[in-house]
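Got a few minutes to poke around a protein model together? Take a look first, then we can talk.

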Amino acid sequence: MLDKAMLIFVRQAVPRPALLWARNFTSAKISENLSDKKEPQSNEKLIKVAIIGVPNAGKSTLINHLIDHRVCPTSMKVHTTRATAKAIQSRANSQMILFDTPGLVGDRDAKKHHIDANFLSSCRHAVQHSNLIGVVHDVSNSWTRNALNPIMVDVLKSYSHIPSFLILNKIDTLKSKRILLDIVKNITNNQLESIKNYRIKKRKSSQDKPQTEAKANRQEVQEGWPHFSEIFMVSAFTGDGLKEVMSFIYSHAKAGQWEHLATEATDQTPEQLIVQSVRARLLDYLPQEIPYALATELEFFENINGRMFASAVVTCPSERIERLVCGEGNGKLKQITERVTSDLIETFAVPISLTIVTRIKSKDK
């Protein structure tokens with residue numbers, strides 16, 4: 001089973017951030033070339049895309065499905081992604097780098113979820129180093145789907161020189177797809193005529209409206225962004241519409257030396273992925289704001305003969321919270337451990353032995 005996809009870690013020959021993937025282990029001798037500097041090829045192409053959006057828009061799920069690797073931990077709660085990470089795919093002579101960014105939030109939410117300044121600036125940093133901006137917009141939320149978040153619009157205005165495209169996500173949750181047209185019109189400031197494949201014929205009745213009424217309607221339109229170069233309607237969960245997104249991104253690849261080996265799928269270390277995976281499942285299994293008060297760190301990690309051994313420690317602010325995390329007879333903690341183990345096997349494609357333990361934060365800290 002495991003010979004289809006094996007993960008190789010070469011601790012000394014490779015810099016720590018390198019996570020190497022090999023789908024055909026028997027034919028790919030990766031370790032032989034790792035220590036040598038990669039020679040630039042004249043026909044190489046590179047495209048870097050910043051994937052941005054508000055919390056829980058589905059950015060990480062989208063990226064995992066786009067590159068067909070689980071390298072971005074996901075959960076049902078907001079702020080699963082706490083720092084920008086790269087997801088990498090290389091095919092033929094082109095390499096695509098997707099920046100998975102934290103959800104854009106205001107000062108109020110930042111304080112509520114204990115978000116530091118680096119968290120808020122990481123999105124802009126990713127955009128600065130990208131060739132394209134992909135805006136992921138959640139159409140399942142009836143309260144927010146008809147407008148772009150003002151913080152999002154501010155980012156797009158600040159980097160208007162970088163081409164942007166819109167991804168309407170979670171279309172599988174809509175009972176009627178007819179609502180998508182109204183959503184697109186609202187968040188593009190009714191500038192569909194300038195977007196490829198979205199030319200809408202004007203109704204005669206709209207031409208007969210008095211000028212004052214038309215002006216009033218324009219004032220009612222919530223702030224959006226009229227300069228998207230393309231719009232995609234997808235479901236990151238089912239994979240519907242993702243092939244078109246991939247084709248669009250790769251079509252914008254330009255001549256440039258690859259920044260990563262063809263076998264790399266992310267710039268994150270195994271240790272980082274384990275900690276983030278534990279944190280993601282804590283978000284899923286614990287109610288309300290409790291998981292945001294927990295601190296997760298890796299106590300032990302080792303890779304021995306193709307098998308991973310890891311131990312994570314979850315620090316709880318009080319004994320009451322520790323009991324909630326563990327559950328009766330440690331039942332909940334066992335469920336979390338099993339789910340994280342399953343996630344990590346999917347990520348690394350090797351057996352992994354994982355233990356998660358809890359402790360109470362010292363009062364003197």
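What follows is a short chat about cysteines and a cavity.

This is a predicted model, where local features need pLDDT of at least 70, side-chain atom pairs count only at pLDDT 80 or more, and totals for chains, interfaces and linings use all residues. Residues are numbered from 1 along each chain as its sequence is written, and side-chain values use heavy atoms, with hydrogens and water left out.

Reader: How many disulfides does the structure hold?
Author: A disulfide is a covalent bond between the sulfur atoms of two cysteines. Here that means a pair of cysteine sulfur atoms within 2.5 Å. For Cys-326, the closest cysteine sulfur sits in Cys-316, 6.6 Å away, so that is too far for a bond. The count of disulfides in the structure is 0.

Reader: Is Cys-326 buried or exposed?
Author: The cut-offs for relative accessible area are under 20% for buried and over 50% for exposed, with partly exposed in between (1.4 Å probe, protein chains only). Cys-326 has 11% relative accessibility, so Cys-326 counts as buried.

Reader: And Cys-123, buried or exposed?
Author: The relative accessibility of Cys-123 is 2%. That makes Cys-123 buried.

Reader: What share of the 365 residues in the chain is buried?
Author: The same relative-area cut-off, under 20%, applies here. Across the chain's 365 residues, the buried share is 47%.

Reader: Which residue classes line the second largest cavity, and how many of each?
Author: Its lining includes Arg-70, Cys-72 and Leu-273. Ala, Val, Leu, Ile, Met, Phe, Trp, Tyr, Cys and Pro count as nonpolar, Asp, Glu, Lys and Arg as charged, and the others, Gly among them, as polar. The tally is 5 nonpolar, 2 polar and 1 charged.

Technical notes. On a 1 Å grid over the protein atoms alone, a cavity is a set of points where a 1.4 Å probe fits but cannot get out, and a pocket is an open set with protein on both sides within 12 Å along at least five of seven lines; lining residues have an atom within 4 Å of a point.
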